[in-house]
There are 2 protein chains.
Amino acid sequence: MSSGKGGGGGGKGGGGKKKEVKKETKLGMAYKKDDNFGEWYSEVVVNSEMIEYYDISGCYILRPWAMEIWELLKEFFDAEIKKLKLKPYYFPLFVTENVLQKEKDHIEGFAPEVAWVTKSGKSDLEAPIAIRPTSETVMYPYFSKWIRSHRDLPLRCNQWCNVVRWEFSNPTPFIRSREFLWQEGHTAFATKEEADEEVLQILELYRRIYEEFLAVPVSKGRKSEMEKFAGGLYTTSVEAFIPNTGRGVQGATSHCLGQNFAKMFDITFENDKGSRSMVWQNSWAYTTRSIGVMVMTHGDDKGLVLPPRVAPLQVIVIPVPYKDVDTTAIVNECKKTVETLEKAGIRADLDTRENYSPGWKYSHWEMKGVPLRIEIGPKDMANNQKNLFETAKQKRDACLKVVNTWDEFIAALNDKKLILAPWCDEEEVEKDVKARTKGDLGAAKTLCTPFEQPDLPEGTTCFASGKPAKKWSFWGRSY
Amino acid sequence: MSSGKGGGGGGKGGGGKKKEVKKETKLGMAYKKDDNFGEWYSEVVVNSEMIEYYDISGCYILRPWAMEIWELLKEFFDAEIKKLKLKPYYFPLFVTENVLQKEKDHIEGFAPEVAWVTKSGKSDLEAPIAIRPTSETVMYPYFSKWIRSHRDLPLRCNQWCNVVRWEFSNPTPFIRSREFLWQEGHTAFATKEEADEEVLQILELYRRIYEEFLAVPVSKGRKSEMEKFAGGLYTTSVEAFIPNTGRGVQGATSHCLGQNFAKMFDITFENDKGSRSMVWQNSWAYTTRSIGVMVMTHGDDKGLVLPPRVAPLQVIVIPVPYKDVDTTAIVNECKKTVETLEKAGIRADLDTRENYSPGWKYSHWEMKGVPLRIEIGPKDMANNQKNLFETAKQKRDACLKVVNTWDEFIAALNDKKLILAPWCDEEEVEKDVKARTKGDLGAAKTLCTPFEQPDLPEGTTCFASGKPAKKWSFWGRSY
């Protein structure tokens, strides 16, 4: 691929002349990531044209710069789960009160956030109808109907849809919104072994989305009993960490539901010996939150920084008019360059807008996180992706703090660290830690117990209770 | 491609031995298409495993056999509109009462069907919030914000999402459901000419979905003033016809909204002369209804019949064990055939389920509409697609009745014909026809005024009013 054609130059921070251009909207960021992270984040998602705030609090408009990333992630994930024999379904948005309440722990977990439809037109409905916060209770009555024999297993459903959780705490674009997009997989197996295996297969796909596509380092691990999915048997997750705020953020979850829902919804099958058994179930999901985690991880004071693999545009070509050079010739040369890039499978475009100076255009595309230099080739982009990941990983790892005592724990928490601590694994102790750390910033809790466990020497005690420690777990505040 | 391998045979109506198989669920259809169309339709969408009825009336579960068709249509349509520079968006599910009511004709059209959220958890919301029945009012306040100058035009948004219309009349799977899936395109232009052009570009894509993919013949035309989109300037549509019930069915609509919404939502731009103009807007959509129209058109008394182009499986290979022949060898041969087909880009699979006889399998896949014979090659499938379309077209055309008088009109209506009649194009007359044809089966109305107009000799009078006729229009009962 040729480089430096058509007036090239520019690049991150590149200038450009601003003469003879009258009306240009103001570009650039008012807030700095390290000074005011919250305002910086709002500004970057809006200015990069990913998000528009909507007139209902907690709801956001996803613009093409976000949706194109979502589509790229979807394309990868959908192809991978189809290899695992997942089939596409679409279940209704609505669920009756009666069905929603069937699994007790489950409804207790979701009840406060459920949105209820009570009217249509000017009439009251006979009974209120819930909007799905997740679809276990929507789907499982039909699993009961469809699954008769071991030949109907495994059953593997996936749907891409919207869900609604009417939360009142701190709505944040992508990270915590009242409506969001996700995929939810729901599967049923004859044996626990098959279910256990799938939980980890899916978790690995989630790791790949974060690490390979979004260049965000995550830890795979298991959630504590307090933090697991309401009504499930155990929950695994990928956990990311935001150094600027010192908060963990749950990236995606892969749950083994065990036989709890099978019992409540009577999902049984005739096994090969002719008697009836209950199925083993999983459910798993990742959401548009993943885009927000990526923005928080890589963005800088000039705006968004996009990993090349998910950048809707990987290269932008900007013609720079020179004195005494025919502009048409320059533009034609740029077009050829874009065509060459596109043929090589690179997402490239040309910014020929008039009335914007090259300098304004550079800043605009920098704000949107596109690598600007047209001489960048596929190899450079792969390196760029790797560098983004390595940088993010170094920053995350620099926040890691291993603590052994309560005083060390409190110091690390105040210092916004990602805390790894030996724990006795007792729910009462986790509750106690929550109670003792309550405050304006929110209480500390377990993020996950990482699958990669450091040595735990005989005699190690829990940082909080002083009892014998059973495992190392990540602790911290989270989103 | 080799033919007749691995025990081939079978095909539409093919038998198969049923020995030594004990428990098989009953297959086959209880109702006949010509005798009881309504029951037949419900049965075919359920037995083919496209639809599961849900415990909320008017909501349905879309199973893989429907969703895979939806995905194939989406793949085609999405690629085509991306060529037209449409960008993906996702706007919220919810809209405030205040904004929803901004365009008066529009809200009058949709108000009776709007579902309202009034509670979250146990708390009442401050004000009820509507679930989108369509997204004009959700989107256009932001169009007003995003569009400043002629350089921001055209603006072209598309979203794939669910919408809710809480209708009370005859819910029917795919055809009339309270929640359905669709794409909705919303565009804004500087000139009416550009808007007009796009209306027809999109209508042509809708025609292709119906005729080329679903093998369903449709008429392109323009809706009457009474039947046009609430709040729009004019509506074009593709209209299909179901010979069995003698009803028209609106296949998809492409609306020019004119400047009505631009006025209400203040969507203006600075034109190249420095003064402000209102934009011209379109909106257009097609829904999962398209799948229902396909089922109604092609299905027969043995079940679903799928046009090859949208069949999730185009070929099913069924091993038939023979005396003294090693079953493993037969199955291996079948596998090779499937691999060969898949390499040729054909969606093929092998049914190796044990405990089902070849005969049961043939009936099962026939019910689901898959062409069974493994010797079918790509050419046969293209012919099959063409034959389905030609057959459907002949049946539709056989229902066409040109009428000139009221008596002929009533006779044709009772005879369940697709009626083409000369009309004076007066709204009062359409209202009068509706009033005079009211009854159990519903009133007759205009379907569309086809773009392809027969000659209208000087002196032709309206079939209903006797006034001079202005055009030929399709009339009938509709879904």
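The following paragraphs lead through the internal cavities of this predicted model and then through some of its salt bridges.

Rolling a probe the size of a water molecule over the atoms shows where empty space is left. In this structure, eight cavities of 30 Å³ or more are found, and the largest of them has a volume of about 120 Å³. Its lining is made up of 13 residues, and those nearest the centre are A:Tyr60, A:Leu62, A:Ser177, A:Glu179 and A:Phe180. Two strands of chain A, strand 2 (60-62) and strand 8 (179-189), each contribute at least two lining residues, with strand 8 of chain A giving the most, namely three. In terms of residue class, ten nonpolar, two polar and one charged residues line this largest cavity.

The second largest cavity, with a volume of about 100 Å³, has a lining that draws on both chains, since A:Tyr90 and A:Pro92 are listed together with residues of chain B, including B:Tyr60, B:Leu62, B:Ser177, B:Glu179 and B:Phe180. Here strand 2 (60-62) and strand 8 (179-189) of chain B each supply at least two residues of the lining, and strand 8 of chain B gives the most, with three residues. Nine nonpolar, two polar and one charged residues form the lining of this second largest cavity.

Side chains of opposite charge can pair when their charged atoms come close. Over all chains, the count comes to 58 salt bridges. One of them joins B:Lys223 and B:Glu239, with 2.6 Å from N to O. This pair links distant parts of the chain, as B:Lys223 lies in the loop between strand 9 (219-222) and strand 10 (234-242) of chain B, whereas B:Glu239 lies in strand 10 itself, 16 residues apart. B:Lys223 counts as buried because its relative accessibility is 8%, under the 20% limit, and B:Glu239 is likewise buried at 5%.

Other salt bridges lie within a helix. In chain A, the side chains of A:Asp432 and A:Arg436 meet at 3.1 Å, N to O; these residues are four apart in helix 13 (residues 427-436), and therefore about one helical turn separates them. A:Asp432 is partly exposed at 33% relative accessibility, as is A:Arg436 at 42%. In helix 13 (residues 427-436) of chain B, B:Glu428 and B:Lys431 are three residues apart, again about one helical turn, and their closest N and O atoms are 3.9 Å apart. B:Glu428 counts as exposed at 56% relative accessibility, while B:Lys431 is partly exposed at 41%.

Finally, salt bridges also join into a network, which links A:Glu204, A:Arg207, A:Arg208, A:Glu211, A:Glu212 and A:Lys220.

Definitions and conventions. Residues are numbered from 1 along each chain as its sequence is written. Chains are lettered from A and ligands numbered from 1 in the order in which they are written. This is a predicted model: local features need pLDDT of at least 70, side-chain atom pairs count only at pLDDT 80 or more; totals for chains, interfaces and linings use all residues. Side-chain values use heavy atoms; hydrogens and water are left out. On a 1 Å grid over the protein atoms alone, a cavity is a set of points where a 1.4 Å probe fits but cannot get out, and a pocket is an open set with protein on both sides within 12 Å along at least five of seven lines; lining residues have an atom within 4 Å of a point. Grid points are joined across faces, edges and corners, and a volume is the space filled by probe spheres set on the points. Ala, Val, Leu, Ile, Met, Phe, Trp, Tyr, Cys and Pro count as nonpolar, Asp, Glu, Lys and Arg as charged, and the others, Gly among them, as polar. A salt bridge is a side-chain nitrogen of Lys or Arg within 4 Å of a carboxyl oxygen of Asp or Glu. Buried means under 20% relative accessible area, exposed over 50%, partly exposed in between (1.4 Å probe, protein chains only).
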